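This report concerns the aromatic rings and the nonpolar interior of one structure. Please have the sequence and the model open while reading.

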Amino acid sequence: MSLLLKLVQRLLGAALTLLLLLAFCLALLRAVPGGPFDGERIAVPEVQAALAARYGTDQGYWQQLSQYLLNAVRGDLGPSFQYADFSVSELLAQALPITLSIGAIGLLTAWLSALPIALLAVAHPGGWLAASVRGLSSGLMSTPKFVSAPMLALVFAVWLGWLPSAGLGEPLWQSLVLPSLSLALTQLGLAIRVLYGALLSVLNSEVIRAARARGLSAQRLQWRHLLPIALPTALAFLLPSAIAVLTGSAVVEQVFGLPGLGRTLVQAALNRDYTMLLGVVTVSGVIVLAVGWALELLLGLLDPRRRQ
Amino acid sequence: MTRALWLFLVFSSASAQTLERGNGPEPDSLDPHRAQGLSAQQITRDLYEGLTREDARGAIVPGVASAWTVSPDGLLWTFTLRPEARFSDGSALLAEDFVYSLKRALSPATAAPYAGSLLLIAGAEQRLRGQPDALGVQAVGPHTLEIRLHRPSLDLSARLSLPIAMPVKRSCVELHGVQCTRPGKLVSNGPYQLAAWRPLAYVQLVRNPHYYQVEQVKIGAVRFHVTEDAAEEARRFANGELHLTETIPPGRLTQLRTRFGTALQVAPAHGTFFLGFNLARPPFANNPKLREALTLAIDRARVVSLLTGTGEAPAFGLLPTELGGSTPPVWVGLSGSEREALARAAYEAAGYSRAEPLEVELRFNTSALHRRLMLGIAVMWEQVLGVRTVLRNEEWRVFVQNRRARVVTQVFRGGWNADLADPLDFLEPFAPGQPLNASGFADPAFTAQLELARAALQPEARLQAARAAEQRLLGAHAIVPLFHYTSKHLVSPRLGGYVANPLDHHPSRYFYFRDGATP
């Protein structure tokens with residue numbers, strides 16, 4: 001099948017996936033009890049009607065969905081129900097860079113740190129070093145973010161005073177360090193475990209034994225033979241969890257008071273902010289699809305057997 | 001204002017001492033007519049000023065209007081505006097601006113959540129329902145405004161201090177539409193103007209150089225931080241990132257007192273927590289003895305000492321002491337065992353006993369404090385009467401929807417924080433047809449007393465009628481007042497000007513830095 005045809009096929013599939021996702025989310029939102037304008041104070045019926053007309057909540061399901069999709073294709077994700085002064089696009093434009101920044105920094109930190117640790121452990125399999133690394137990985141993986149995040153804030157912000165404890169301040173980079181570190185710690189544990197397992201599974205393969213038999217140094221063996229073979233397998237396991245990080249960690253953003261996608265999603269759900277929820281779902285869906293495609297391309301580059 | 005000048009103000013003021021305030025959730029709007037949440041209203045009180053305003057302690061003082069007169073029949077109020085009053089772009093603030101603003105606030109298209117606060121103005125209700133009747137507001141000169149009421153009222157001056165009655169600039173609204181609240185576009189008339197707004201992060205204000213009393217505004221810049229989590233806010237305060245918090249984490253009063261000493265400020269607030277009974281369905285419909293029994297079985301002293309623990313005062317009525325207080329019920333002076341004996345007698349008169357106990361559902365919205373409270377109350381009911389209570393926790397919007405519908409509720413959590421320092425503000429929600437009347441309370445004598453209170457032109461007569469109305473509500477045991485709220489803040493020792501305000505409004509104009517604010 002030609003590349004162009006395959007690309008068109010993938011794009012149509014992605015569009016259909018997003019459409020189904022949005023349709024499902026809207027149906028769920030309309031089914032959830034408690035409307036977006038349910039509060040202690042209730043306006044007179046005429047005002048309620050004006051609100052319903054403004055936000056389209058007086059429309060039927062299919063009318064609301066089709067109107068939303070038509071507007072979304074034009075780049076208009078609608079007004080926020082909760083924050084009357086902003087459109088959803090504006091709010092997401094603020095939130096997305098924050099989430100992607102701390103997610104990307106956290107992932108890079110975790111993976112680059114995990115690599116030498118896993119290589120060191122696999123160089124001495126079965127020994128105390130490998131056992132320690134496995135223990136470290138388990139400990140990091142089992143520490144939830146709602147524990148590690150406040151602990152980091154306590155140590156580095158409150159006790160040492162090196163960094164701000166929460167919120168966005170000046171300079172901006174200082175506000176992103178602790179959240180990124182919190183995300184990195186959990187990902188580090190997973191990355192060590194996956195990399196170590198992938199390296200170990202390849203360690204006694206024929207190609208490695210042959211390379212060892214040719215008298216290659218341990219360093220050359222690891223970097224030129226062991227790692228390239230094990231990396232595709234490791235990435236295939238790591239990237240799905242990376243998607244979760246890149247689409248927003250509500251816990252970390254909440255603890256550090258960052259206006260990211262995860263926190264926006266939680267607030268939108270609590271406030272029944274239909275358009276905001278659908279907007280976050282749309283953006284998250286695009287990220288998931290894009291990262292999935294990127295993963296396939298990357299694996300194809302690393303492992304020629306996957307290119308077909 | 002040009003963008004360059006605006007940026008200069010942002011960075012020049014930000015380089016001066018900036019008041020960093022925790023402000024709770026993200027403000028829903030900086031349009032004073034659309035702002036509903038407390039976080040939004042805290043900011044709009046810095047951005048705008050109405051005909052009247054509150055002083056630091058919440059008393060009503062002249063605002064844009066330097067003086068006003070009231071006709072003998074109490075229906076016509078005439079306000080004299082300060083000729084030096086300006087918007088933040090330097091243009092004059094005239095009576096016609098208030099006419100436009102009040103009409104906008106009462107337009108159905110605006111969908112103002114607090115429009116009901118202005119319904120005492122003649123023609124307001126008709127306008128809100130989309131009928132093009134004339135609103136009883138007119139400018140009789142550039143600096144003279146007349147407001148006509150459809151009934152006399154003592155509290156118009158207080159209502160005109162609310163954000164719903166604050167002026168907006170017509171040309172700004174018509175030019176920018178919904179974007180008129182953006183930095184660089186928003187034109188306001190208060191002591192501060194908008195400098196920056198980063199959604200879900202912070203709102204930054206700088207001093208308005210055109211404010212008529214700018215020399216009294218000591219702090220040049222204010223940053224309102226979004227602080228959705230009280231523990232996070234306290235941590236930021238401890239780290240020196242905030243000068244003032246919006247609240248404190250629940251259940252940590254002793255710990256915070258030990259750590260922060262006098263920086264922890266706790267004061268009475270105009271608010272009351274109560275339980276409500278659904279009078280429309282069993283088991284509480286037509287069963288006042290049962291309601292009385294459950295009311296008597298609760299030891300309020302234990303509630304505030306063991307369950308809330310942040311300085312609340314036990315409540316035996318709705319009205320806080322600072323608003324005149326309620327007439328305490330006769331059983332208040334009884335010992336605990338005497339009160340419990342009365343409770344058991346009422347319980348048996350209602351047809352229940354330990355052998356045939358009441359099974360009741362107690363509904364509340366999600367909150368660690370509420371869960372602790374409801375659990376404690378359920379234990380008291382079980383210990384004194386043998387009542388079996390099912391606790392039902394609901395998310396906020398589901399909870400208010402169910403509570404208002406009166407279809408599934410039996411006993412539910414209720415509470416009221418006053419918008420105005422006025423006894424009637426606590427009683428109006430229980431008037432027939434009010435959406436906040438979740439109990440479905442309806443009593444002609446209550447309504448008659450409420451009407452008397454509304455029409456009273458003397459504060460003492462208003463209070464007496466309000467108390468009489470409250471006695472009808474409490475005598476029917478439609479609600480069970482438990483405690484009066486407190487305001488709780490952490491205030492930096494550097495920050496001066498903080499005073500207790502029962503409405504918990506703290507405009508930034510009254511603050512200053514003790515170590516020398518940059519004028």
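## Aromatic rings and nonpolar cores

Phe37(A), Tyr55(A), Phe81(A) and Tyr274(A) make up one aromatic cluster. Rings of Phe, Tyr and Trp (its six-membered ring) pair if their centres lie within 6.5 Å; planes under 30 degrees apart count as stacked, over 60 as edge-to-face and the rest as tilted. This is a predicted model, in which local features need pLDDT of at least 70 and side-chain atom pairs count only at pLDDT 80 or more, while totals for chains, interfaces and linings use all residues. Residues are numbered from 1 along each chain as its sequence is written, chains are lettered from A and ligands numbered from 1 in the order in which they are written, and side-chain values use heavy atoms, without hydrogens and water.

Over all chains, the whole structure holds 20 aromatic pairs. Two of them are given below.

| Pair | Centre to centre | Angle between planes |
|---|---|---|
| Trp68(B) and Phe79(B) | 5.9 Å | 40°, tilted |
| Phe274(B) and Phe430(B) | 5.8 Å | 55°, tilted |

Phe274(B) belongs to strand β11 of chain B, whereas Phe430(B) lies in the loop between α14 and α15 of chain B, 156 residues apart. Both Phe274(B) and Phe430(B) are buried (under 20% relative accessible area; exposed is over 50% and partly exposed in between, with a 1.4 Å probe and protein chains only). Phe79(B) is also buried, at 0%, while Trp68(B) is partly exposed at 27%.

The largest nonpolar core (buried Ala, Val, Leu, Ile, Met, Phe, Trp, Tyr and Cys residues joined through side-chain atoms within 4.5 Å) has 126 residues. Phe79(B) and Ile121(B) are among those with the most contacts inside this core.

Technical notes:
Helices (H or I, at least four residues) and strands (E, at least two) are DSSP runs, numbered from the N terminus.
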